[in-house]
Amino acid sequence: MNILNIAADITKLIKKQNQDAEVTIYETNKTSVSQRLSKIEQISQSKNCTVGIRAIAGKNKAAYISTNDLNNLSDTVSQVVEMAKNAPEDPCINFVVNGSNYISSADLSISDNNVVTVDNLKEIAEAAENSALAHKSITNSEGASSSYALVNTVLSTVSGFIGSFSKSTFANQVSVVAGRESEMKVGYDYDIACNFSDLKLPELMGKEAAKRAVDQLNSRTMKTGKFPVIFEKRAAKGLVKSFASAINGSSIISNSSFLRGSLNAQIFNDRINIIDDPLLPRGIASRPFDGEGITSKKNIFVKNGILQNWILDLYSARKLDSETTGSASNAAVIPAASNLYIENGDVSFEELIQEVKEGIYVTDLFGFGINLINGDYSQGASGFFIENGKITYPIHEITIASNLKDMFRNLVVADDLTFCGQFNSPTIKVSEMTVAGSLND
């Protein structure tokens, strides 16, 4: 069944009950393969269609429902209409009034028409794992996987806007173990892209996973103290994600962000710029329009270190007496970032390391020790010790701690930004954090 027709049919059903509606439909086709030690563990192929309906009663009442059952849509429509009629009034409920023109997904290059088969995915997973196992110090494997998904999205809004786009996603991962029972270290690598041709070669992924595992052998612990901490790009993504949560309009409304009250304030140094770009060509979270039919646009959330705006949809924008940033994630109306990244700085990775006399280079983070209400940050970490401007021996069993406000204020950014996933960052240095090790001296 054509999902454009489904959206039109639902809209008609709701209009018959003298109500308005916004309808979002996601049609997903996914194939994935996983293997371990050269044996296939799982092959899965799925196809599903999710329909999200937001019914609007009057001007200030709305309700949302989501379903995978396409055989009883009239019942679902009746249910959501009834829910909307009985919903509490909320003067901040808001809808797009005028339809808008938007860029096509073809112009964004987020839909790859290449046919990817189960055999193709098997070959990728096998090549990645074999490449990793070829390293003499790799003793075991946690497995490799490869997947392909195609999502077709349709949005129909109150204004009469009907938009659609397609996005493909390829994702590969491999994880292996170095060492023996007395000391075993895991190394992994992954990649994700909208276009098959943008993916890292599986052989290179395997070599990277093996290298990461082997490089952590003979790890030491270290003394407790205050040190500069450099976050590898992969580890720095977590800080970008925490920042996105802290400036989300929903967090500001609920008073659950340590950055509330920081709008137009200097929260980073004046060399830091943070961008959210749903129009990023080939971006994993790129989209021609948001979940409310607002045409996508690039947002600069931090300019020269100053916080410019919150991540907003129509509801949170009205609640905060502002304007939407076109960041509605879906018809359930939740603001969310798209491709959020810290812009390149003006120092190289090597210079960032060379400036450190004694410090930590973090490659992996563990745990959930981030409190977004007060900004307290505490994470388990592993990586390498830096001495006299050089990365030296591997370290483990450490905890790094600070407050995100202090970390943001003392951030230095390298010039090595690359894109892999929704949140991205160059290598970054925090000038001082508390590092808790296991040694007392």
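The exercises below, each with a worked solution, concern a predicted model.

**Exercise 1. Packing of two helices**

Describe how helix α4 and helix α5 are placed against each other, and state which residues meet.

Solution. Two packed helices are described by the angle between their axes and the distance between the axes. Step one is to locate the elements: α4 covers residues 118–133 and α5 covers residues 202–215. Step two gives the geometry: the two axes come within 7 Å and cross at roughly 35 degrees. The crossing of α4 past α5 is right-handed. Step three lists the residues in contact. From α4 these are Ile 124, Ala 127, Ala 128, Ser 131 and Ala 132, and from α5 they are Pro 202, Glu 203, Gly 206, Lys 207 and Ala 210. Sorted by class, this contact holds six nonpolar, two polar and two charged residues.

**Exercise 2. An aromatic pair between two strands**

Classify the ring pair of Phe 227 and Phe 385 as stacked, tilted or edge-to-face, and state where each residue lies.

Solution. A pair of aromatic rings is described by the distance of the centres and the angle of the planes. A search of the whole structure finds 13 aromatic pairs. For Phe 227 and Phe 385 the centres are 6.1 Å apart and the planes stand at 80 degrees, so this pair is edge-to-face; the cut-off for that class is over 60 degrees. Next, place the residues: Phe 227 is in strand β7 (residues 225–231) and Phe 385 is in strand β13 (residues 376–387). The pair links distant parts of the chain, as the two residues are 158 residues apart. Last, check accessibility, where buried means under 20% relative accessible area. Phe 227 has 5% and is buried, and Phe 385 has 4% and is buried.

**Exercise 3. A second pair and its cluster**

Classify the ring pair of Phe 258 and Phe 408, and name the cluster that includes both rings.

Solution. Phe 258 and Phe 408 lie 6.1 Å centre to centre, with 45 degrees between the planes, and the pair is tilted. Phe 258 belongs to the loop between α7 (249–253) and β8 (274–276), while Phe 408 belongs to helix α10 (residues 404–409). This pair also links distant parts of the chain, with the two positions 150 residues apart. Phe 258 counts as buried because its relative accessibility is 5%. Phe 408 counts as buried because its relative accessibility is 3%. Ring pairs link Phe 243, Phe 258, Phe 268 and Phe 408 into a cluster.

**Exercise 4. Charges over rings**

Which tyrosine ring does Arg 220 lie over, and which does Arg 234 sit over?

Solution. Take each arginine in turn. Arg 220 lies over the face of Tyr 393, 3.7 Å from the ring centre. The charged end of Arg 234 sits over the ring of Tyr 188, at 3.9 Å from its centre.

**Exercise 5. Surroundings of three residues**

For Glu 358, Met 433 and Ala 84, find the element, the accessibility and the contacts beyond four places in sequence.

Solution. Glu 358 is in strand β12 (residues 358–366). With a relative accessible area of 33%, Glu 358 is partly exposed. Its contacts are Lys 223, Phe 227, Pro 228, Phe 385 and Ile 386, a list that includes both rings of the edge-to-face pair.

Met 433 is in strand β17 (residues 428–436) and is buried, with a relative accessible area of 1%. Among its contacts are Gly 225, Phe 227, Tyr 377, Ile 400 and Met 407.

Ala 84 lies in helix α2 (residues 73–85) and is buried, at a relative accessible area of 1%. The residues touched by Ala 84 are Ala 55, Ala 57, Lys 61, Ala 62 and Ala 63.

**Exercise 6. Positive phi values**

Give the phi value, the location and the accessibility of Asn 218 and of Glu 397.

Solution. Start with Asn 218: its phi is near 65 degrees, a positive value in a residue other than glycine. Asn 218 is in the loop between α5 and β7 and counts as exposed at 60% relative accessibility. Then take Glu 397, whose phi is near 55 degrees, also positive and in a residue other than glycine. Glu 397 lies in strand β14 (residues 390–403) and is exposed, with a relative accessible area of 55%.

Note on methods. Residues are numbered from 1 along each chain as its sequence is written. This is a predicted model: local features need pLDDT of at least 70, side-chain atom pairs count only at pLDDT 80 or more; totals for chains, interfaces and linings use all residues. Side-chain values use heavy atoms; hydrogens and water are left out. Axes are lines fitted to C-alpha atoms, for helices over the stretch in contact, and angles run from 0 to 180 degrees between N-to-C directions. Helices (H or I, at least four residues) and strands (E, at least two) are DSSP runs, numbered from the N terminus. A crossing is left-handed if the near helix is turned anticlockwise from the far one by less than a right angle, and right-handed if clockwise. Contact means heavy atoms within 4.5 Å. Ala, Val, Leu, Ile, Met, Phe, Trp, Tyr, Cys and Pro count as nonpolar, Asp, Glu, Lys and Arg as charged, and the others, Gly among them, as polar. Rings of Phe, Tyr and Trp (its six-membered ring) pair if their centres lie within 6.5 Å; planes under 30 degrees apart count as stacked, over 60 as edge-to-face and the rest as tilted. Buried means under 20% relative accessible area, exposed over 50%, partly exposed in between (1.4 Å probe, protein chains only). A charge sits over a ring if NZ of Lys or CZ of Arg is within 6 Å of the ring centre and within 35 degrees of the ring normal.
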